[in-house]
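Work through the exercises below with the sequence and the 3D view at hand. Try each task before reading its solution.

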Amino acid sequence: MSIILIGLPGSGKSSVGKALSALLRWEFVDLDEEVQRRAGTSIAQIFARGEDCFREVEANCLREWLSRGDCVIATGGGVVETPCNRRDLMEATGRGSAVVFLDVEVPEALRRIDGTAHRPLLSGGAEQNLRSIARRRTQWYRQCANLHLKVDDRPAHVHAQRLCARLVAEADFEPRDNTGGAH
Ligand SMILES: Nc1ncnc2c1ncn2[C@@H]1O[C@H](COP(=O)(O)OP(=O)(O)OP(=O)(O)O)[C@@H](O)[C@H]1O
Ligand SMILES: O=C(O)C1=C[C@@H](O)[C@@H](O)[C@H](O)C1
Ligand SMILES: [Mg+2]
């Protein structure tokens, strides 16, 4: 199975995902990093060629990582904009993966992000843009996720622990011990 984190920019997908992968000792991938590695350039530069170009590489990376097991995947905030990604995420839940909606209030997300450089869709009016993005995407985050975690201003490692507890409680899922076996 995989654990896939979805949610608004600034919801903590990358930070919580990294902390969760350390708790579980699972491989971690940040799809934004993966897209940049694959394209050999920054997100801003890929967006300069057109959002479609970014979405296509993002969809390919998502599909590839969903086909691997036992990994934590931090997605980009806009992964749900692409219909085939929504279908792939819902199919992953059908195969036993956890798609987790990290649900952050817009003011908290805004406090965390600076709205520049690697977040092209937020440049030139971060608050207005984020509110409009939230209105459009929240239905999709809810539709794709099979686990909903509200996140607040506590540190990312606290939310990773809360998430771990929910995964153990609600799914047929156990963290590994140091030797790699189940306990
Ligand atoms: N729980 C938290 N409390 C405070 N700050 C946080 C928390 N989680 C993340 N941050 C900080 O907020 C910023 C955004 O977090 P992060 O990059 O993890 O979000 P993201 O959901 O991956 O965003 P994006 O969609 O842009 O990739 C980072 O600077 C991070 O250090
Ligand atoms: O919200 C979005 O559409 C994006 C979020 C980032 O994680 C990046 O994936 C990119 O900047 C697009
Ligand atoms: Mg991120």
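**Exercise 1. The sheet**

In what order do the five strands stand in the open sheet, and is the pairing parallel or antiparallel?

Solution. Note that the model is predicted. Step 1: the order across the open sheet is β2-β3-β1-β4-β5, and the strands pair in the parallel sense. Step 2: look at the edges. β2 (27-30) and β5 (147-150) each have a single partner strand, so one side of each has no neighbour in the sheet. Step 3: take the twist. On average, neighbouring strands of this sheet are turned by 20 degrees against each other, direction ignored.

**Exercise 2. Strand β1 and its partners**

Find how many bridges join β1 to β3 and to β4, and name residues that stand opposite each other.

Solution. Step 1: β1 runs parallel to β3 (residues 71-74), and four bridges join the two. Along this pair, S2 stands opposite C71, and L5 stands opposite A74. Step 2: β1 also pairs in the parallel sense with β4 (residues 98-103), over four bridges. Here I3 has A98 as its bridge partner.

**Exercise 3. The surroundings of β1**

Decide whether β1 is enclosed or open to the outside, using under 20% relative accessible area as the cut-off for buried.

Solution. Step 1: sort the residues by direction. S2, I4 and I6 point one way from the strand, while I3 and L5 point the other way. Step 2: residues on both sides are buried. Step 3: five of the five residues of β1 (residues 2-6) are buried, so the strand is largely enclosed by the rest of the structure.

**Exercise 4. Helix α4**

Check the length of α4 against 1.5 Å a residue, then list its buried residues.

Solution. Step 1: α4 (residues 51-66) has 16 residues and should span 22 Å. Step 2: the C-alpha atoms at its ends are 22 Å apart, which agrees. Step 3: the buried residues of α4 are F54, R55, V57, E58, A59, C61, L62, W65 and L66.

**Exercise 5. Annotated positions**

Which residues does UniProt list for "binding site", and where do R55 and G77 lie?

Solution. Step 1: the unreviewed UniProt entry lists D32, R55, G77 and R137. Step 2: R55 is in helix α4 and is buried, at a relative accessible area of 9%. Beyond its neighbours within four places in sequence, R55 has contacts including F47, L121 and R137. Step 3: G77 sits in the loop between β3 and α5 (83-94). G77 is buried too, at 13%. Leaving aside neighbours within four places in sequence, G77 is in contact with G7, P9, K13, R137 and Y141.

Definitions and conventions
Residues are numbered from 1 along each chain as its sequence is written. Chains are lettered from A and ligands numbered from 1 in the order in which they are written. This is a predicted model: local features need pLDDT of at least 70, side-chain atom pairs count only at pLDDT 80 or more; totals for chains, interfaces and linings use all residues. Side-chain values use heavy atoms; hydrogens and water are left out. The expected span of a helix is 1.5 Å times one less than its number of residues. Buried means under 20% relative accessible area, exposed over 50%, partly exposed in between (1.4 Å probe, protein chains only). Two strands pair if DSSP finds at least two bridges between them. UniProt positions are given in the numbering used here, feature names are shortened, and annotations may be inferred rather than shown by experiment. Contact means heavy atoms within 4.5 Å. Axes are lines fitted to C-alpha atoms, for helices over the stretch in contact, and angles run from 0 to 180 degrees between N-to-C directions.
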